[in-house]
Amino acid sequence: MTNMVKDIEKYMQNEANEIINFACKLINTKTENPPGNEILAVSVVEKYFKRLKIPYEIFEKTKSRTNIIGYIGERERSRERPSLLAACHLDVVPAGDGWQSDPFCAHVKNGRIFGRGSSDNKGQMASMMAVAKYLKENESGLKGLFLLAGVADEERGSALGMEYLLDECGIHADYAIIPDVANNMQMIDVTEKGALFLEITSFGKQAHGSTPERGINAVWNMIAFLNQIRHYKFRHAFHPLHSPPTMNLGSIHGGTVANTVPAICKAQIDLRYLPGDSPTDIINDIRSIMKEVEDQHSARFELKITSDQPSTNIPVDNPLVEIITKHTEAILGTKPKPMGQSGSTVTKQLIQKGITAVGFGPGDHDEAHAANESISIQELIDFAKIMALISWDMLT
């Protein structure tokens, strides 16, 4: 194993320029979601797969919202032949403001790659391409199957990406590593909070602003409701791997002009709850609060669930965590810690399909979605080393 570590370290250091160039090519494809257009990035990946003679498939639920999966190793499934999936998403959030350079024209400075998607998630895809190249060159030694996926629509729920691949395309693996959690390879995402998004509508009665008593003010009633749920107590407030549960008021819209009593007001709420808590219980609690406010203020509300992603949780002592820990220590000299994630990754969809999945990857926590997003080149190289060791260890 010592010789293997040295060989892979040398191999990936030699691939540094290839990793940089590939990351820059991906960043330069404008795949802001919405609208997505992941086909632009898929074309870059496809050319690379063709050059390396890696067989691949392309899946598209909606035109230009494209997914690609490359296969290396033994494709016939059996208990003796494990399969490992690594999936990176090819869509990015809109660039936004505050950039010091063109977010879709990647550049290298002070050992970092700058551009939208460099840290979330195109830099990681470049690392995984180097891993794919190594495994393809040594494919005769593989007993299992390695799948490298570039997926669509992760930033807006994955309905056109991972969910589609799992539900409609028959994609499956025994294990999966999702490099979409940053933390400089110092954490392994083994549990994620549930994410419950609600849209609350307050209905009132329009009237002239000079005679508000003739109307029912939907905004005032919404304020009364929001003041009540602001102090909501989750049933489960502690988890050893998680921060406490949270509630965020993300948006509120109501009324048109100052001199009209508003007849409608909408608010959007984001609740992140811990494993063990129930979204049904939370929704019932919210409905009870709504009923109280309706009785007190002549109000009427409507609740709509816009997203319900359950919490997920896999054992800390599972083999995937152990093998990631072993090879990270071999390369970095440190052991990543199993932790909980407040945000959501596609590990949720994978775990729900019975696939043992964790999040693990390079990058700084504060870079994703930020202006002037960047990632360390050396981290991308080190991540390629670790993932090559993990893949070889699991599949030979």
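Reader: Which way does H2 pass H4, in a right-handed or a left-handed crossing?

Author: H2 goes past H4 in a right-handed crossing. Keep in mind that this is a predicted model.

Reader: OK. At what angle do the axes of H2 and H4 cross?

Author: They cross at roughly 135°, and the two axes come within 8 Å. That angle makes H2 oblique to H4.

Reader: Which residues of H2 and H4 meet?

Author: On the H2 side you have Ile19, Phe22, Ala23, Leu26 and Ile27. In H4 they meet a set of residues including Lys122, Met125, Ala126, Met129 and Ala130. By class, this contact of H2 with H4 has 9 nonpolar, 3 polar and 1 charged residues.

Reader: What other helix does H4 pack with?

Author: H4 also packs with helix H10, residues 377–395. Here the angle is about 45° and the axes are 9 Å apart, which makes H4 oblique to H10. H4 passes H10 in a right-handed crossing.

Reader: Why give both an angle and a distance?

Author: Because two packed helices are described by the angle between their axes and the distance between the axes.

Reader: Which residues of H4 and H10 meet, and how do they divide by class?

Author: From H4 the list includes Gly123, Ser127, Val131 and Tyr134, and from H10 it includes Leu380, Phe383, Met387 and Trp392. The residues of the contact of H4 with H10 divide into 11 nonpolar, 4 polar and no charged.

Reader: Switching topic: what order do the strands S4, S5 and S18 have in their sheet?

Author: The order is S4-S5-S18, in an open sheet of 3 strands with antiparallel pairing. Strand S4 (107–109) and strand S18 (374–376) are at the edges with a single partner strand each, so one side of each has no neighbour in the sheet. From one strand to the next, the twist averages 25°.

Reader: Over how many bridges do S4 and S5 pair?

Author: S4 pairs with strand S5 (residues 112–114) over 3 bridges, in the antiparallel sense. In one of the pairings, lysine 109 has arginine 112 in S5 as its bridge partner.

Reader: Which strands do H2 and H4 touch when they pack on that sheet?

Author: Helix H2 (residues 16–27) touches S4 and S5, and its direction makes about 15° with that of S5. Helix H4 (residues 118–137) touches S5 and S18, at about 45° to the direction of S18.

Reader: There's a 4-strand sheet as well. What's the order there?

Author: That open sheet runs S11-S13-S9-S14, with antiparallel pairing. Its edge strands are S11 (246–254) and S14 (300–309), and each pairs on one side only. Neighbouring strands are turned by 15° against each other on average, direction ignored.

Reader: How many bridges do S9 and S14 have?

Author: Strand S9 (residues 194–203) and S14 pair over 9 bridges in the antiparallel sense. For isoleucine 200, the bridge partner in S14 is leucine 303.

Reader: Which strands do H6 and H7 lie on?

Author: Helix H6 (residues 218–229) packs on the sheet and touches S9, S11, S13 and S14, with its direction at about 15° to that of S13. Helix H7 (residues 279–297) lies across S9, S13 and S14, running at about 165° to S14.

Reader: New topic: how many aromatic pairs does the whole structure have?

Author: A search of the whole structure finds 7. One of them is tyrosine 11 with tyrosine 134, an edge-to-face pair at 5.1 Å centre to centre and 75° between the planes. This pair links distant parts of the chain: tyrosine 11 is in helix H1 (residues 2–14) and tyrosine 134 is in helix H4, 123 residues apart.

Reader: Last one: where are the cis peptide bonds at proline 34 and asparagine 121?

Author: One runs from asparagine 33 to proline 34, with omega near 0°. Proline 34 is in the loop between H2 and helix H3 (39–52). Another joins aspartate 120 and asparagine 121, with omega about 25°, and asparagine 121 is in helix H4.

Reader: And what's the phi of asparagine 37?

Author: Asparagine 37 has a positive phi of about 55°, although it is not a glycine. Asparagine 37 is in the loop between H2 and H3. For background, most residues other than glycine have a negative phi, and most peptide bonds are trans.

Technical notes. Residues numbered from 1 in each chain as written. Predicted model: local features only at pLDDT ≥ 70, side-chain atom pairs only at ≥ 80, totals over all residues. Heavy atoms only, no water. Pairing = 2+ DSSP bridges. Helix = DSSP H or I, 4+ residues; strand = E, 2+ residues; numbered from the N terminus. Axes fitted to C-alpha atoms, helices over the stretch in contact; angles between N-to-C directions. Contact = heavy atoms within 4.5 Å. Parallel < 35°, antiparallel > 145°, perpendicular 65-115°, else oblique. Left-handed = near helix turned anticlockwise from the far one by under 90°. Nonpolar A, V, L, I, M, F, W, Y, C, P; charged D, E, K, R; others polar. Phe/Tyr/Trp six-rings, centres within 6.5 Å; stacked < 30°, edge-to-face > 60°.
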